[in-house]
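Me: I would like to learn how to read the features of a model like this one. Could we take them one at a time?

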Amino acid sequence: MKVTILGARGSMPVEGPEYTEFGGGTTCVLVETESQAIFVDAGTGIIKAPAIANKDISILLTHPHLDHLLGLPFFEVLRSKGKQINFYACVRDGKTAKEQIDGLFDVPYWPCKIENYPANITYHDLKLPTMIGDVKVEGIEAIHPGGSVVYKLSHEGKSIVMATDYEFDEEMSGDLVDFAKDTDLLLMDAQYTEEEYKERMGFGHSTLKQAMKVFKECNGKSVRFVHHDPFHNDEFLRNLEQPIKSTQIMFAREGEEIVL
Ligand SMILES: [Zn+2]
Ligand SMILES: [Zn+2]
């Protein structure tokens, strides 16, 4: 599997010279096998998606918060006539996968309904576990306001676990540790510093210390911390990362490719 970090920013996109190293695009991770191209979330990172040829294209949504969908109206494939996109999301608050998207592409918030885009979209109300082509998809419910899914994608003995938008809980996070056991790559929410967390408890995101604890306990092979706070610039994130000194344990950088 090849994993490309297309966007690792949380909450809202940012740009400017102070955001060039870790990037400003919101959540989007591309997972590829020989036959599949699966975009986990469609934040603004998806706008920079590479051209995909001869693979099935899917979007797998963790949850419909805006920062995870904001790039969808500008996704190149959606604007390509005759292209097929499979869209997967769990039913949330009684809303089907299609209804979650329709809400975003509706007047007065957006002028063009999604069915008027040239691509052909098939909607799937996700029931886990399932297969997307040759990729096994499993999930557990995240600790996050309104809910979100932590996905595990597995292929040929390798796995990636994506725990973006996840608030660590001393008593309840054992299920995440079990779910991510021995994973090859954990993508883990580490939005806040310990100091910030005191003011933002219950917002649905973890600290670096909490993310490290999950990574160590699950015995994963590597971790990338994701959902960077929009106010944490390159220098700030480098300073947090500096004491760790491991190429296996890093903050996610937009554009990074990881081959598992
Ligand atoms: Zn988010
Ligand atoms: Zn969220």
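Reply: Start with the metal sites. Donors are N, O and S atoms within 2.8 Å of the metal (3.2 Å for Na, K and Ca), and sites may look incomplete because water is not among the atoms. This is a predicted model, in which local features need pLDDT of at least 70 and side-chain atom pairs count only at pLDDT 80 or more, while totals for chains, interfaces and linings use all residues. Residues are numbered from 1 along each chain as its sequence is written, chains are lettered from A and ligands numbered from 1 in the order in which they are written, and side-chain values use heavy atoms, with hydrogens and water left out.

Me: Which residues are the protein donors of the zinc ion (ligand 1)?

Reply: The zinc ion (ligand 1) has the donors Asp67 (OD), His68 (NE2), Asp165 (OD) and His227 (NE2), lying 2.1 to 2.3 Å from it. Along the chain their spacing is D-H-x96-D-x61-H.

Me: And which residues coordinate the zinc ion (ligand 2)?

Reply: His63 (NE2), His65 (ND1), His144 (NE2) and Asp165 (OD) coordinate the zinc ion (ligand 2), at 2.1 to 2.4 Å. Their spacing in sequence is H-x1-H-x78-H-x20-D. Asp165 bridges the two zinc ions, ligand 1 and ligand 2, which lie 3.5 Å apart.

Me: Why is the arrangement around the zinc ion (ligand 2) irregular?

Reply: Four donors count as tetrahedral if all angles lie between 85 and 135 degrees; four count as square planar and six as octahedral if opposite donors are over 155 degrees apart and all others between 65 and 115; anything else is irregular. The arrangement around the zinc ion (ligand 2) is irregular because its four donor atoms subtend angles of 89 to 170°. The site of the zinc ion (ligand 1) is irregular too, with angles of 90 to 167° among its four donor atoms.

Me: Is His63 buried or exposed?

Reply: Buried means under 20% relative accessible area, exposed over 50%, and partly exposed in between (1.4 Å probe, protein chains only). His63 is buried, with a relative accessible area of 1%, whereas His65 is partly exposed at 33%. At the other ion, Asp67 and His68 are buried.

Me: Now the strands. What is the order of the sheet that contains β7?

Reply: Strands (E, at least two residues) and helices (H or I, at least four) are DSSP runs numbered from the N terminus, and two strands pair if DSSP finds at least two bridges between them. Here seven strands form an open sheet with mixed pairing, in the order β7-β8-β9-β10-β11-β12-β13. The edges are β7 (130-132) and β13 (249-251); each has a single partner strand, so one side of each is left without a neighbour in the sheet.

Me: How do β7, β8, β9 and β10 pair?

Reply: β7 and β8 (residues 135-141) run antiparallel and are joined by three bridges. They form a hairpin with two residues between them, and Gly133 in the turn has a positive phi of about 60°. β8 and β9 are antiparallel over six bridges, with Val137 opposite Leu153 in β9. β9 (residues 149-155) pairs with β10 (residues 158-163) in the antiparallel sense over five bridges, and there Leu153 stands opposite Ile160.

Me: Which strands does helix α4 touch?

Reply: Contact means heavy atoms within 4.5 Å. Axes are lines fitted to C-alpha atoms, for helices over the stretch in contact, and angles run from 0 to 180 degrees between N-to-C directions. Helix α4 (residues 208-218) packs on the sheet and touches β11 (185-189), β12 (223-226) and β13, its direction making about 155° with that of β11. In the loop between α3 (194-200) and α4 lies Ser206, which is buried at 0% relative accessible area.

Me: What is the order of the sheet that contains β14?

Reply: The order of this open sheet of seven strands is β6-β5-β4-β3-β2-β1-β14, with mixed pairing. β5 (residues 84-89) and β6 run parallel, joined by six bridges, and the bridge partner of Ile85 in β6 is Ile121. Helix α1 (residues 97-104) lies across β5 and β6, at about 125° to β6.

Me: Which residues touch the most other members of the largest nonpolar core?

Reply: A nonpolar core is a set of buried Ala, Val, Leu, Ile, Met, Phe, Trp, Tyr and Cys residues joined through side-chain atoms within 4.5 Å. In the largest, of 27 residues, they are Phe39, Ile59, Leu72, Phe75 and Leu78. Apart from this core lies another of 26 residues, among them Ala163, Tyr166, Leu186 and Ala190.
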